[in-house]
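Reader: I am new to this structure and would like a close look at a single part of it. Please take the sheet and the helices that lie on it, and go through them slowly.

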Amino acid sequence: MGKKDPTWELRLYVAGKTPKSVTALSNLKKYCETHLKGSYTLEVIDLLVHPQLAEGDQIFAIPTLVRKVPVPIRKIIGDLSNEEKVLVGLDIRPVTKKV
Amino acid sequence: MKLQSIAKTQTGISGLDQVTGGGLPKGRPTLICGGPGCGKTLFSVEFIVKGAILYNEPGVFMTFEEKTEELVSNVASLGFDLEKLQSSKKIRLDYVYIERGEIEETGEYDLDGLFIRLEHAIDSIGAKRVVLDTIENLFAGLQNQGILRAELRRLFTWLKAKGVTAIITAEKGEGSLTRHGLEEYVSDCVIVLDHRMIDQVSTRRLRIVKYRGSAHGTNEYPFLIDDEGISVLPVTSLRLAREVSSQRISSGIKGLDEMLGNKGFFRGGSILVSGPSGTGKTSIASSFVQAACRRKERCIFFAFEESPPQIVRNMRSINLDLARYIRNGLLQFHSSHPTEHGLEQHLVTMYKMVRKFKPKVVVIDPITNLITVGIVRDVKSMLMRLIDMLQAEGITVMFTALAINNTTNDQADEAISSLVDTWIQVRDVEANGERNRGLFIMKSRGMNHSKKVREFVISDQGIGLVDIYVGPHGILIGSAREAQKLLHNEKGSGRTGKPAQRNPRLKQNGSTSKRKNKKAIK
């Protein structure tokens with residue numbers, strides 16, 4: 001892996017188990033396992049259950065992936081189907097690809 | 001879907017509910033669009049605040065533009081305490097922050113997050129009203145317009161299903177109502193706000209472009225934003241079916257009352273005093289005001305030429321003490337430069353002052369100065385509305401108008417002469433090397449008025465009217481008349497006359513002999 005200790009704190013906001021949410025979650029897990037293995041935490045928040053949480057992270061689109069740590073906060077909306085865009089958006093250096 | 005005529009939600013915005021015939025369509029979205037600075041946000045804030053305060057309808061204000069703290073401080077100047085309302089759960093503010101630079105889009109998404117937020121906000125306070133200001137910011141923040149449009153359509157359907165009365169604001173677009181064509185989604189009610197400059201004077205206007213299922217006023221209505229929020233001035237109330245009074249009130253000038261069938265003006269009528277400069281129009285108006293104050297009636301004096309202290313000082317020189325009535329609260333002055341606002345704003349200001357002070361008599365001195373801020377047609381329409389409003393309240397109004405020349409078909413006069421009930425003309429009569437004032441009544445509806453030209457005398461005792469001498473030597477006015485009178489008196493009683501001064505002339509005013517003047521001078 002590249003840098004030593006950045007712990008990635010990721011949050012995925014969904015609203016129920018819609019196909020988009022499911023796709024987004026499985027995509028995200030795949031990328032994380034590939035690029036951030038062992039150094040990330042992923043929290044999935046279902047806004048249908050916790051609607052009050054939408055305001056705090058300024059969520060308006062579903063699904064939204066929020067990178068809480070490292071700062072600054074980054075957001076990616078959509079089903080995360082484009083790996084490259086997600087990695088750029090989260091500012092993850094695709095280390096494994098270089099190898 | 002309802003089949004009966006649509007239910008309406010009162011906005012609480014002064015005048016708007018009259019124009020819309022009861023408010024905005026209940027349970028439906030209304031689109032408010034206009035250019036920057038036209039008052040969209042304020043309009044929607046007032047809708048929410050008035051709803052919470054007046055109608056006990058909680059409201060959600062979702063802003064995409066201003067942070068809630070900014071919004072709170074911006075509208076505090078209008079006396080809206082959003083924080084207090086929010087803590088008492090009357091309203092709820094939600095700021096949706098969208099910054100394109102911080103958002104990456106990949107693949108399919110929807111705006112469920114926004115829906116959930118909105119629903120949560122609505123449900124948490126039981127909101128009946130919702131404002132989305134300005135939802136168009138989503139267009140700037142999101143790339144995928146296809147998704148956005150589909151989601152907006154869904155949002156408006158959802159709002160309707162939710163049964164909330166909503167206002168959606170949007171920026172005016174080039175050649176279309178809104179920049180992003182929101183009018184295609186919100187089809188129940190569309191209101192356009194406009195802030196335009198005409199001859200460097202700003203005028204705000206409101207127009208209801210569309211109101212499905214309801215009759216509505218179709219004109220452009222002027223509106224005003226001041227420290228009490230928005231006031232829309234409806235002009236639809238323009239009807240010629242008002243109650244009239246046959247009570248008569250004094251003009252404050254004895255001779256003038258005599259000319260008006262010995263009784264004075266009709267209460268609730270409108271009077272125009274026109275004449276060239278320096279003929280004493282303001283003095284006539286001040287006499288009228290003083291007479292009203294003596295009857296313990298409230299008056300408002302709108303001065304567009306002089307400041308209140310100036311008028312008070314000047315009138316003191318002709319024995320009119322206006323300051324006394326200002327002190328005891330019967331007389332209110334409102335002085336402003338004509339160019340300070342547009343015509344409409346002047347009208348709205350007058351309208352509000354009249355509503356507040358509830359005067360019996362209103363004086364506008366002079367209306368011709370208003371022409372500097374509007375074209376004659378506009379001034380006429382404004383005055384028509386003003387007269388209409390005043391007469392509906394039974395208020396007697398006196399306008400003064402400056403006529404540049406002595407012709408009666410001067411533009412300003414003509415524009416409003418058909419509107420007024422009584423038209424008094426003051427004119428210069430130049431003869432024998434001196435300039436005197438003549439006064440006559442051009443018209444006075446509903447009374448047998450004098451057709452004579454009388455000499456109009458202003459002295460430190462006040463205003464008086466004297467008959468002009470018409471005799472074998474022709475028409476005599478001023479000192480020539482004095483001389484003739486002295487001559488006449490000498491012949492008649494043998495005593496010598498007093499010197500030809502203005503004061504004694506005035507004292508004799510009431511006793512001027514009737515046989516001096518039998519003919520009217522044209």
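Author: Helix H9 (residues 281-294) of chain B lies across E15, strand E16 (299-303), E17, strand E18 (361-365), E19, E20, strand E21 (434-444), E22 and E23 of chain B. H9(B) runs at about 165 degrees to E19(B). Angles here run from 0 to 180 degrees between N-to-C directions, and axes are lines fitted to C-alpha atoms, for helices over the stretch in contact. Contact means heavy atoms within 4.5 Å. Helices (H or I, at least four residues) and strands (E, at least two) are DSSP runs, numbered from the N terminus.

Another helix, H12 (residues 343-357) of chain B, packs on the sheet and touches E16, E17 and E18 of chain B. The direction of H12(B) makes about 160 degrees with that of E16(B).

This is a predicted model, in which local features need pLDDT of at least 70 and side-chain atom pairs count only at pLDDT 80 or more, while totals for chains, interfaces and linings use all residues. Residues are numbered from 1 along each chain as its sequence is written, chains are lettered from A and ligands numbered from 1 in the order in which they are written, and side-chain values use heavy atoms, with hydrogens and water left out.

Now the sheet. In chain B, 9 strands form an open sheet with mixed pairing, in the order E17-E16-E18-E19-E15-E20-E21-E22-E23. Strand E17 (331-335) and strand E23 (462-467) of chain B stand at the edges with a single partner strand each, so one side of each has no neighbour in the sheet. From one strand to the next, the twist averages 25 degrees. Two strands pair if DSSP finds at least two bridges between them.

At one of these edges, strand E22 (residues 454-459) of chain B pairs with E23(B) in the antiparallel sense over 6 bridges. Here B:Ser459 stands opposite B:Gly462 in E23(B).

Strand E15 (residues 270-275) of chain B has parallel pairings with E19(B) and with E20(B). 6 bridges join E15(B) to strand E19 (residues 396-402) of chain B, and B:Ser270 stands opposite B:Val397 in E19(B). With strand E20 (residues 422-431) of chain B, E15(B) shares 4 bridges; B:Ile271 has B:Thr422 as its bridge partner in E20(B).

How much of E15(B) is buried? The strand is mostly covered, with 6 of its 6 residues buried, that is, under 20% relative accessible area (exposed is over 50%, partly exposed in between; 1.4 Å probe, protein chains only). In a regular strand the side chains alternate between the two faces of the sheet. In E15(B), B:Ser270, B:Leu272 and B:Ser274 point one way, while B:Ile271, B:Val273 and B:Gly275 point the other way. The residues on both sides are all buried.

Away from the sheet, a loop residue of chain B gives a contrast in accessibility. B:Asn56 lies in the loop between helix H2 (40-54) and strand E4 (59-63) of chain B. At 56% relative accessibility, B:Asn56 counts as exposed. B:Asn56 is not a glycine, yet has a positive phi of about 55 degrees.
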